[in-house]
Amino acid sequence: MRKFELIAPCHFGLEAVLKKEIIELGYEILQVEDGRVSFEGDEEAVCRANLCLRTAERILIKIGSFPAATYEELFQGTKDLPFEDYIPEDGKFWVAKAASVKSKLFSPSDIQSVMKKAIVERLKGVYHTSWFTEEGARFPLRVFLMKDMVTVSLDTTGDSLHKRGYRKLTAKAPIAENLAAALIMLTPWNKTRILVDPFCGSGTFPIEAAMMAANMAPGLSRNFLSEDWKHLISEKEWQEVLEEAEDLVDLSVDVDIQGYDIDDAMVAISRENAKRAGVDKLIHFQRRPVSALSHPKKYGFLIANPPYGERMEEKENLPELYRTLGDRYRSLDSWSMYLISAYEKTEHDIGGKADKNRKIYNGMMKTYFYQYIGPKPPKKRKPEERAE
């Protein structure tokens, strides 16, 4: 089995959640940086990480790194890397993305152009050809420059891992599936506890929670670029990991997961998305305004992505909306509440300071994850203790 250095990018602020996931899959962490976690793994790890990681953006194979402060150094450094170990003669290859931070080379298009030429030169010498048909499998490369250090990697995923395949219909401002999963994982919620999303939109929070409760791998309903890389990862490897993931799914789990929205159309979209995800039987969706938020049981969780007020007409309604949410939350006995929001008066209008507050970047938008932590439910007594 080959050993790879694998890189998993994620949302800024959620590296610790992803690190924990990778460790739970059984892989050794090599490095944790802003927005990415590196770990060691073989061909099976590429399959399992793509299929099972809930919080990663994609899985990259690191090809190499080198310093470059000029385009000549970038060309030569790129040309020295062993691309033939990954890209066959008929492979379609290109530099899909180049990002630069605190580096002398900062133009993405120039970086991409120079590196493509360097890779072509390298592979011409290896394959003894002057022309590449590029009619085979796709091999998109991703490049990251940090303080003049270039890291070159191969994207094994294709469409970002947040695209699970179930969300064909979305709300106006949907939260990414992998971000929703990470936020749930930052809470103490588990499948034995109640979860309610009072602003469910297209249903992402309830669906991701239901998939966790049913032990359903997030990538079961989609494909990955590296499935076509037969020279690197065998079809048998993919099949074994897929069958293992399918065997672990338990749709008989008993859960109380609910999603509410004031818009009938959003409730219908949520139900359809949950059906596509295969967890519609585990979630109750309902049209209900936040002013009618209630639940008879104790120790539940509110987890939500309420409106931020990106549009002016929405911004006027935010103070009342957040005040109403705060009032309804206080009426829920012993509940916890977790909100992601970019609204600067969240705590003021909710009517109380959060117990914890975590800065998280939702794309390029700075948001905060407000955590109002309720009491833990009492531990259930063992049968012998009850008898006494």
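**Close-up views of a predicted model**

**View 1. Strand β6 (residues 138–146) pairs with strand β7 in the antiparallel sense, over six bridges.** The view is taken from a predicted model. The two strands form a hairpin, with two residues between β6 and β7. In the turn, K147 has a positive phi of about 55 degrees. The bridge partner of M146 is M149 in β7.

**View 2. Strand β7 (residues 149–155) also pairs with strand β4 (residues 60–67).** The β4–β7 pairing is likewise antiparallel and comprises seven bridges. Within this pairing, S65 has T151 of β7 as its bridge partner. Strand β7 is mostly covered, with six of its seven residues buried. In a regular strand, side chains alternate between the two faces of the sheet.

**View 3. Seven strands form an open sheet with mixed pairing.** The strand order is β10-β9-β8-β11-β12-β14-β13. Strands β10 (283–287) and β13 (356–362) stand at the edges; each has a single partner strand, so one side of each is left without a neighbour in the sheet. From one strand to the next, the twist averages 20 degrees.

**View 4. Strands β11 (residues 301–304) and β12 (residues 336–341) run parallel within the seven-stranded sheet.** Four bridges join β11 to β12. One residue pair for orientation is A304 and its bridge partner L339, which belongs to β12.

**View 5. Helices α8 and α10 lie across strands of the seven-stranded sheet.** Helix α8 (residues 264–277) lies across β9 (257–261) and β10. The direction of α8 is at about 165 degrees to that of β10, which is an edge strand of the sheet. Helix α10 (residues 318–330) lies across three strands, namely β11, β12 and β14 (365–372). Helix α10 runs at about 165 degrees to β12, the strand that is joined to β11 by four bridges.

**View 6. Cysteine residues C52 and C200 are considered with regard to disulfides and burial.** The model contains zero disulfides under a cut-off of 2.5 Å between cysteine sulfur atoms. C52 is in no disulfide, and the nearest cysteine sulfur, that of C47, is 10.0 Å away. Is C200 buried or exposed? The relative accessible area of C200 is 4%. Buried means under 20% relative accessible area, and C200 is therefore classed as buried.

Technical notes
Residues numbered from 1 in each chain as written. Predicted model: local features only at pLDDT ≥ 70, side-chain atom pairs only at ≥ 80, totals over all residues. Heavy atoms only, no water. Buried < 20%, exposed > 50% of the residue type's maximum accessible area, 1.4 Å probe, protein only. Pairing = 2+ DSSP bridges. Axes fitted to C-alpha atoms, helices over the stretch in contact; angles between N-to-C directions. Contact = heavy atoms within 4.5 Å.
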